[in-house]
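Student: I have a new structure open. Can you walk me through it?
Tutor: Sure, put it on screen and ask away.

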Amino acid sequence: MEAFKEHVGLVVPLDRINVDTDQIIPKQFLKRIERTGFGEFLFNDWRYLENGEPNPEFVLNLPRYANASILIAGVNFGCGSSREHAPWALQQYGFKAILAPSFADIFRNNCYKNGILPIALPADVITSLSQEAQDTEGYQLMIDLEQQSVICPDGTAHNFEIGDFEKYCLLNGLDEIGWTLQFETDIAAFENR
Amino acid sequence: MKTQTMYEKIWEAHLVRASADEVPILYIDTHLVHEVTSPQAFEGLRLNNRKVRRPDLTFATMDHNVPTTDRSLPITDLIAAKQMETLAENCAEFDIPLYDIDSPEQGIVHVIGPELGITQPGKTLVCGDSHTSTHGALGALAFGIGTSEIEHVLATQCLLQQKSDTFEIRIDGTLPYGVTAKDIILSIIGHIGIDGGNGAVVEYTGSAIRALSIEERMTVCNMSIEAGARAGMIAPDDTTYEYMAGKRFAPKGEEFDAAVEHWKELPTDEGATYDRTLQLNAADIAPQVTWGTNPGMVTDVTGRVPDPADMATADEKTATEHALAYMDLKPGTPITDIPIDRVFIGSCTNSRISDLRAAAEVAKGRKVAENINAMVVPGSQAVKRQAEAEGLDQIFRDAGFEWREAGCSMCLGMNPDTLMPGQRCASTSNRNFEGRQGKGGRTHLVSPQMAAATAVTGHFIDIREFSS
């Protein structure tokens, strides 16, 4: 897994609450046996018209948000199916971090394991950042994981919570399976109990 | 004396390591695997030269993208076929038992687990599917995981897990006639919202829950995830022990008696407290129908499509507007005035034998309304055989329903069973998200009885009036 320490990137606001993983990556794209190739299908049904052309009204297709790497969305982002294809698609599209007032449980776990940072901030902060991203072309945020802070262009910092272990794994790009396997004797002892 | 909830007991009994400054390591007793979320996990094992630690605790089947038409015909979707082939190869390579498409045990992973007795009270069970919460109906701690976690469990038989909050949802009283387990859970989600259970493991308690059969309890636990809960569970009782007795992988003879003694220690201690609680009265619950694009957008069958203007927050107003536009519904429309094009009876929520019996009772001697396509997809080959032995297939066929082979089918439309754009479906499944059953398709979630009644009338109808 790629390590996450600091990131500065363009912000795109997705003004929706309860974005489910069926929207993030629709089921017709879950038949691949590889981990790659999902980015082009991110938000497929919102992003493309019936004829396959990009939907000019969908926010990701607006030229000003091309190459955005930070997504802002409404409450309960990533609800529904446990498909890890959702964070794969977000990451392969180019997102490094998602900002929302809250996340669904399984989705949040899946993000950490793929080097994407899900950042929960108070609803009023999300609303104001989202407004800035709409009002100010080229609006960027800086994310400092070590400091657990989202820093605005004017220097305002918003701190966020993250578990120590998740933080450690992200900062070091650590393979969690390797972590657990170092306790093989504990696992064996449990099995023999 | 220390009092604990059932979740806390099972949690504690499965801790491999728990020191204050580390993420707890939880042992997993049972791992269920299917074709869609596992290929990348097996690939990860190979890349890192790792083995499956406990193939004897791992079980696989094919359900998500199997066709439900004649199994003797070749699979036309070559990408889906490749995924099934990959699962077969992975199971052979890592020595994992597989109930493949031709197996008499094949079926939806959350139907066959309990059916075969693989799911047992007091166990930890995971699967790369969010509806793994189903298995909590037997008093197991069961939850869905992502592909990285599948790989983790395959390699270590453990998961790194933080403990969840506990949430008691208590339902006392007697369910009115025509009101089902599906209506209980839809009503709960309507009350607490689709994120109302986030961060918690729900335990369903109360006399109305006790009165449910194991299959009905599965319907309730199944949709815990639709309220955002990590898991849903119901304490084992005599109903549970009777269900477990004689199941293929259940303990036998003296071992069974010993197991029952252990299971009796699982229920939440008297005086134990939960982090959150909710109480509902079963008598207040009416048949439910969803009108929007998530399971929390639900109302009584006697209700109307809501008006976005009545929503409490700007976000909810916008979400309701989006939902009504997608669903092509006007505010104030009575639910019973909504006509439908398709009916789907199936899915891990409602495809067990008792669901099919309930739907068949409604369909018996009646005909599916003109221009409506209705299909019944049993949850497993065993359910299908049982239904056929009881003549349910004939009742459905005579009424004009299609009778299919077992699988997830049009719950998520990964196989050829999908809605066409604009089609409206009464569905016994669990998710009414945009495009869930097919791009542009419109899903209304209901109970099996309501789905069958809707099929014969062509629009939603209050099952309580329909039968009387």
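**Cysteines, the interface and one helix**

Student: What kind of model is this?
Tutor: This is a predicted model.

Student: OK. How many disulfides over all chains?
Tutor: The count is 0.

Student: Why no bond for the sulfur of A:Cys169?
Tutor: The closest cysteine sulfur is in A:Cys111, and it is 14 Å away, so it is too far for a bond. The cut-off for a disulfide is 2.5 Å.

Student: Is A:Cys169 buried or exposed?
Tutor: A:Cys169 counts as buried because its relative accessibility is 3%.

Student: And B:Cys91, how far is its sulfur from the closest cysteine sulfur?
Tutor: That distance is 12 Å, to B:Cys127, so again it is too far for a bond. B:Cys91 is also buried, at 3% relative accessibility.

Student: New topic. How many residues does the contact take from each chain?
Tutor: Chain B puts in 61 residues and chain A puts in 53 residues.

Student: What area do they bury?
Tutor: Chain B and chain A bury about 4,800 Å² between them. Carbon and sulfur atoms account for 54% of it.

Student: Which three residues of chain B supply more of that area than any other three?
Tutor: They are B:Gln40, B:Arg53 and B:Lys439. Together they supply 13% of the area that chain B buries against chain A.

Student: How many salt bridges between the chains?
Tutor: There are 11 salt bridges between chain B and chain A. In one salt bridge, the side chain of A:Arg35 meets that of B:Glu151, at 3.3 Å from N to O.

Student: And polar contacts?
Tutor: Across the interface, 31 residue pairs are in polar contact.

Student: Which element of chain B gives the most to the side that touches chain A?
Tutor: Helix 5 of chain B does, with 7 residues. Helix 5 spans 147-156.

Student: What's the mix by class on that side?
Tutor: The side of chain B that touches chain A has 20 nonpolar, 23 polar and 18 charged residues.

Student: Back to chain A. Which residues of helix 6 are buried?
Tutor: Helix 6 covers residues 164-172, and its buried residues are A:Phe165, A:Glu166, A:Lys167, A:Cys169, A:Leu170 and A:Leu171.

Student: What do they pack against?
Tutor: Within chain A, they pack against helix 4 (105-112), strand 4 (117-120) and helix 7 (176-181). They also pack against strand 8 of chain B.

Student: What follows helix 6 of chain A?
Tutor: A:Gly173 does, and its phi is positive, near 60 degrees.

Methods. Residues numbered from 1 in each chain as written. Chains lettered and ligands numbered in written order. Predicted model: local features only at pLDDT ≥ 70, side-chain atom pairs only at ≥ 80, totals over all residues. Heavy atoms only, no water. Buried < 20%, exposed > 50% of the residue type's maximum accessible area, 1.4 Å probe, protein only. Contact = heavy atoms within 4.5 Å. Buried area = accessible area lost by both parts, 1.4 Å probe. Salt bridge = Lys/Arg side-chain N within 4 Å of Asp/Glu carboxyl O. Polar contact = N/O pair within 3.5 Å; in protein donor to acceptor, adjacent residues only side chain to side chain. Helix = DSSP H or I, 4+ residues; strand = E, 2+ residues; numbered from the N terminus. Nonpolar A, V, L, I, M, F, W, Y, C, P; charged D, E, K, R; others polar.
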